[in-house]
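Here is a walk through one protein model, written for someone who likes cut-offs spelled out. Have a look at the sequence and the coordinates first.

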Amino acid sequence: MPVHRPGSLRPRALTALVAGLLAALSLTLPLSSADAATAPARGSAFMGMGVAAHDGQGGTPSSGDATQTEGVDVSGYQGNVAWSTLWNSGVRWAYTKATEGTYYTNPYFAQQYNGSYNVGMIRGAYHFATPDTTTGATQANYFVDHGGGWSQDGKTLPGVLDIEWNPYGAACYGKTQSGMVSWIADFINQYHARTGRWAVIYTATSWWTQCTGNYGGFAANNPLWIARYATDPGTLPAGWGYYTMWQYTSTGPTVGDHDKFNGALDRVVALANG
């Protein structure tokens, strides 16, 4: 596993920066052949890929008075993860990227998903959405069929729809705001039909505002996982009065992406049990 040393720019961080710059340019311009040649490879996206480039980063949360439970999210980039090291550092829950679009499955999924479980963590899987490639329902089915399912064992969290800046082209995947809302609804309704659970929605407020018009209709059923690399989670998307999870940094030890669950460990278990 790559080790981050102070003062160095990790390949993952560099990828995120390049992807963010490309996405920013693509807000007004289509990808040229030259742009397409420098875009990341399909399948390489990961949770929070565009957050630092679009929203910046600065500071980490103070301990405060609220009880929160530490977690991490991982993808194929991390390879084989040192789960015992993370457990010993206080991490108690984890999400692993399972799929992207309908063309990619994480080759390290088994080690990451089962490894976190085996050290005692409560874990789940996430899907990186590509609304420009296939329908929401099609991608929900692909996700469930390739690791994104759910079982009421007290150790499996509901699946996550990772919906954020497009690292491969236009930020909103070429969709109107109403079209994006419809795509998301298509995904979460099919996921619910397949598993009996409502998916968690992972997003950033600025992307959600830009690409859905700050739609508030999913808050009643779908827990929010907010992305913001700062001392607090900031303003939440419309409808959600609180976040369930918060990705607060991409530069943590062992695994870069660290998260806070908004509650004690028993609340993580409650989400797992539905």
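## Ground rules

Buried means under 20% relative accessible area, exposed means over 50%, and partly exposed is in between, with a 1.4 Å probe and protein chains only. By that yardstick threonine 254, at 32% relative accessibility, counts as partly exposed.

This is a predicted model, where local features need pLDDT of at least 70, side-chain atom pairs count only at pLDDT 80 or more, and totals for chains, interfaces and linings use all residues. Residues are numbered from 1 along each chain as its sequence is written, and side-chain values use heavy atoms, leaving out hydrogens and water.

## The overall picture

The protein has 9 helices and 9 strands. These are DSSP runs numbered from the N terminus: helices are H or I with at least four residues, strands are E with at least two. Of its 274 residues, 51% count as buried. About 11000 Å² is exposed, with carbon and sulfur atoms supplying 53% of it; the areas come from the Shrake-Rupley method with a 1.4 Å probe, and for residues only the protein chains shown count as cover.

Contact here means heavy atoms within 4.5 Å. Take the contacts between residues at least 6 apart in sequence: 70% of them join residues at least 24 apart.

## Nonpolar cores

A nonpolar core is a set of buried Ala, Val, Leu, Ile, Met, Phe, Trp, Tyr and Cys residues joined through side-chain atoms within 4.5 Å. The largest one has 60 residues, and the members touching the most others are Trp93, Tyr95, Ile163, Ile184, Phe218 and Trp225. Helix α7 (residues 177-195) gives this core its largest share, 8 residues. Apart from it lies another core, of 9 residues, including Val74, Val81, Trp83 and Met121.

What does isoleucine 184 touch, not counting residues up to four places away in sequence? The list is Leu161, Ile163, Ile201, Trp208, Thr212 and Phe218.

## Rings and charges

A search of the whole structure turns up 15 aromatic pairs. Rings of Phe, Tyr and Trp (its six-membered ring) pair if their centres lie within 6.5 Å; planes under 30 degrees apart are stacked, over 60 edge-to-face, and the rest tilted. In one pair, the rings of tryptophan 208 and tryptophan 240 have centres 5.7 Å apart and planes at 70 degrees, so they are edge-to-face. Tryptophan 208 sits in helix α8 (residues 205-212) and tryptophan 240 in the loop between β7 (224-227) and β8 (245-249), so the pair ties together parts 32 residues apart in sequence. Both tryptophan 208 and tryptophan 240 are buried. Elsewhere, ring pairs join Trp93, Tyr95, Tyr202, Trp225 and Phe261 into a cluster.

There are charges over rings, too: NZ of Lys or CZ of Arg has to be within 6 Å of the ring centre and within 35 degrees of the ring normal. The charged end of arginine 92 sits over the ring of tryptophan 87, 3.6 Å from its centre. Lysine 155 has its charged end over the ring of tyrosine 117, 4.6 Å from the centre.

## The disulfide

How many disulfides does a search of the whole structure find? It finds 1, where a disulfide is a pair of cysteine sulfur atoms within 2.5 Å. The partners are cysteine 172 and cysteine 211, with sulfur atoms 1.9 Å apart. Cysteine 172 is in the loop between β5 (160-162) and α7, while cysteine 211 is in helix α8, 39 residues apart, so the pair links distant parts of the chain. The link is left-handed, with -75 degrees about the S-S bond, and both cysteines, 172 and 211, are buried.

## Two helices up close

Helix α5 (residues 109-118) has Phe109, Gln112, Tyr113, Gly115 and Ser116 as its buried residues. Their cover includes β1 (69-74), α4 (83-88), β2 (93-100) and β4 (122-128). After α5 comes glycine 120, with a positive phi near 110 degrees.

Valine 51 is found in helix α3 (residues 51-55) and is buried, at a relative accessible area of 1%. Leaving aside neighbours within four places in sequence, valine 51 is in contact with Gly56, Trp165, Tyr202, Ala227, Tyr229 and Gln247. Valine 51 and serine 206 are 155 residues apart in sequence and 9.5 Å apart in space, C-alpha to C-alpha.

## Positive phi outside glycine

Asparagine 214, in the loop between α8 and β7, has a positive phi near 60 degrees. At 28% relative accessibility, asparagine 214 counts as partly exposed. Threonine 254, in the loop between β8 and β9 (258-261), has a positive phi of about 65 degrees although it is not a glycine.
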